[in-house]
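Visitor: Hi! I'm new to this one and would love a quick tour. Could you show it to me?

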Amino acid sequence: MIQRIPAFLDRCRIALLILNESHWSRSVLDGIARYAGEHCGWDFWLQPRGLKEPPKLPEDWCGDGVIARISNEPLRESIARHGLPTVNVSWHGTHCREFPKVISDPQACGRLAAEFFIGRGFEQVGYIGPPDCYNYRDEVWPEVDRGAEEAGCQAYKFEPDPNSPQPDYDFQRLRLVRWIRSLPKPVGIVAWNTTLAREIMLTCGAEGINVPNEVAILAVESDPLVSNLSPMPISQIEQRMEQVGYEAAEELQRLISGGQPRDEPILIAPAGVIEKPSTNTEFATDILVQQAVSFIKRHCDEAITVSDITDHLDISRRSLEERFRKALKRSPAEEIRFARVRVLKDLLRRTTMTHAEISVEASFSCENAMFRFFKRMTGLTPGEFRRNQSIDLPMFPETI
C-alpha cells in the first residue's frame, strides 16, 4: 500500500489550505513563509488550486497544524476530523475556539472607506458587496452605511439579481447600469474587490460618466493585475494581507506549543488607502480646471472646441492642457468628447427624436457626422444603442 511520506521527518508539518490564484491569497502565503523562515523552518503541505477547486484535508494526512481559508462546510469537516491546531484566515464563517481567526478587520475597512470619501467632501456614497454566490457575511457594508449616516451623508447599496447564474457581472449589467444612473453625482463608490470596481468603471465608461469626477471608485480588496487591466488604475484599501499570514503563522505556533485559543479573533487593521486615478478628484482644488469642466458641461450640446475654453478663461492652450493632464489624467478635448457622447445617449434614451433631429439638437454638422462620432466613441451605432435601451432597460425599476 502506498503511504504518504513527508520530505522532512524532523520538521513541524503544516497544511496550507488557501487558494493561491489571487493576489490576496498569495500575499497571505508570503506572510506565512516569512514567519516560517524567521522562526521555525516548517515543512509545508499544500495543493496548488484555484477558486473552484474544492479544498480538502485528506483523511490519511498527518501533521502538526493547519492554516486554512475555511469557506465551506466540507472543508471544515475534513479539518475537524484531524483534531489539529488550526487558524482560519477567511472572512467566511464566525470565530470559534475550534477554528480561531486571524483576519484583516472588515469593519475597519468599511469605516476607512466611508471616512475616505467623506473626508474628500462627498455627500453620496455607494456600495457594491460580494456576489451572493460566495456566501459571505458582509461586515463592510454596515460600517460604510453607519459612517455615511453619522456624517449626514446618504449611502446607496447595489442589490444584485439573486437569480444570476454566476458571479460574472455580464449577468448584472443592466441592473448595474440602472443603479449607477440613479445615483446622485458626484458619488464615491466602495467596491468589495478590484474585479467589481473594474465592472463599475467599465459601466461608467460605456455610459459616458466621468471617473473619478462624477463617480469615484475605491476597492476594499486589491489585485494589481485586475487594476492594470482596467481603464485606469484603481484605488484600494491596503489590507496588509502579508501581516495576516505572518500573525496567523505566529498564532498557530502558539497553539501547537500548548496555548489556548483566544476568545476573540485577531484583527489586522488596514494601513490606509492607496490612491490611484480612480479616486483622484484633485481637480476640485484647481479652480481653473473646475471652471473649464463647468464650461464644458454648460455647453456640451454645442460644437465647442478647446479654443472656446481658452478664450473663455483667458489662458494658453498649453497651460490648460498641462493642468488638465495633472488633474484629470486626460486632455480638454477628451473631456469635451466625453460630455458630448453623454448628450447623445440622453437624447437617444429619453426622446423619440429622429437621428437627424438629434444631430441638429446636439450641434453636429450633419447626421453622418453624429453617426461617425457616436460609433467611434461607443462601438455602437445610434440605432443599436437605442434598440438596446428600449428592449432591455425597462425590465428594472428606475431606482433599485
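**A first tour**

Guide: Happy to! Let's begin at a loop: proline 212 sits between helix 6 and strand 9. A cis peptide bond joins valine 211 to proline 212, with omega about 15°. Keep in mind that this is a predicted model.

Visitor: Which other proline is joined by a cis peptide bond, and to what residue?

Guide: Proline 186 is joined that way to lysine 185, and omega there is about 0°. Proline 186 is in the loop between helix 5 and strand 8. For background, most peptide bonds are trans.

Visitor: Okay, stepping back. How many helices and strands are there in the chain?

Guide: The chain has 15 helices and 12 strands. Its C-alpha atoms fill a box of roughly 80 × 45 × 40 Å along the principal axes. Buried residues account for 50% of the 400 residues.

Visitor: And what is the mean pLDDT?

Guide: The mean pLDDT of the chain is 87, and 92% of the residues reach 70 or more. Over residues 390-400, though, the pLDDT is below 50. That stretch has 20 contacts in the model beyond near neighbours in sequence.

Visitor: Let's talk sheets. What is the order of the strands in the open sheet?

Guide: The open sheet has 6 strands in the order 7-6-8-9-10-12, with mixed pairing. Strand 7 (154-157) and strand 12 (272-274) are at the edges with a single partner strand each, so one side of each has no neighbour in the sheet. On average, neighbouring strands of this sheet are turned by 25° against each other, ignoring direction.

Visitor: Strands 8 and 9 pair in which sense, and over how many bridges?

Guide: Strand 8 (residues 187-193) and strand 9 (residues 215-221) pair in the parallel sense, over 6 bridges. To find one of them, look at valine 187, whose bridge partner in strand 9 is valine 215.

Visitor: What does helix 3 lie across?

Guide: Helix 3 (residues 106-119) lies across strand 6 (124-128), strand 8, strand 9, strand 10 (235-238) and strand 12. Helix 3 runs at about 160° to strand 9. Helix 5 (residues 173-182) lies across strand 6, strand 7 and strand 8, at about 170° to strand 6.

Visitor: Is arginine 181 in helix 5 buried or exposed?

Guide: Arginine 181, which is found in helix 5, is buried: its relative accessible area is 18%, and the cut-off for buried is under 20%. Arginine 181 is 141 residues from glutamate 322 in sequence, and their C-alpha atoms are 31 Å apart in space.

Visitor: Back to the sheet for a second. What is glutamine 236 in contact with?

Guide: Glutamine 236 is in strand 10. Leaving aside neighbours within four places in sequence, its contacts are Leu218, Ala219, Ser222, Gly272, Val273, Ile274 and Lys276. Glutamine 236 is buried, with a relative accessible area of 12%.

Visitor: New topic: helices. At what angle do helix 6 and helix 12 pack?

Guide: Helix 6 (residues 194-207) and helix 12 (residues 332-350) pack at about 80°, and their axes are 9 Å apart. That makes helix 6 roughly perpendicular to helix 12. Gly205, Ala206 and Glu207 of helix 6 make the contact with Arg342, Lys345 and Arg349 of helix 12. By class, this contact has 1 nonpolar, 1 polar and 4 charged residues.

Visitor: And how do helix 12 and helix 14 pack?

Guide: Helix 12 and helix 14 (residues 367-378) pack at an angle of about 105°, with axes 11 Å apart. They are therefore roughly perpendicular to each other. Residues of helix 12 including Phe338, Val341 and Leu344 meet residues of helix 14, among them Met370, Phe373 and Phe374. By class, that contact has 8 nonpolar, 1 polar and 3 charged residues.

Visitor: Last thing: what is the phi of asparagine 135?

Guide: Asparagine 135 has a phi near 60°, a positive value in a residue other than glycine. Asparagine 135 is in the loop between strand 6 and helix 4 (141-150), and at 62% relative accessibility it counts as exposed. Arginine 240 also has a positive phi of about 60°, and it is not a glycine. Arginine 240 is in the loop between strand 10 and helix 8 (241-256) and is partly exposed, with a relative accessible area of 35%.

Note on methods:
Residues are numbered from 1 along each chain as its sequence is written. This is a predicted model: local features need pLDDT of at least 70, side-chain atom pairs count only at pLDDT 80 or more; totals for chains, interfaces and linings use all residues. Side-chain values use heavy atoms; hydrogens and water are left out. Axes are lines fitted to C-alpha atoms, for helices over the stretch in contact, and angles run from 0 to 180 degrees between N-to-C directions. Helices (H or I, at least four residues) and strands (E, at least two) are DSSP runs, numbered from the N terminus. Angles under 35 degrees count as roughly parallel, over 145 as roughly antiparallel, 65 to 115 as roughly perpendicular and the rest as oblique. Contact means heavy atoms within 4.5 Å. Ala, Val, Leu, Ile, Met, Phe, Trp, Tyr, Cys and Pro count as nonpolar, Asp, Glu, Lys and Arg as charged, and the others, Gly among them, as polar. Two strands pair if DSSP finds at least two bridges between them. pLDDT is the predictor's confidence in each residue, from 0 to 100. Buried means under 20% relative accessible area, exposed over 50%, partly exposed in between (1.4 Å probe, protein chains only).
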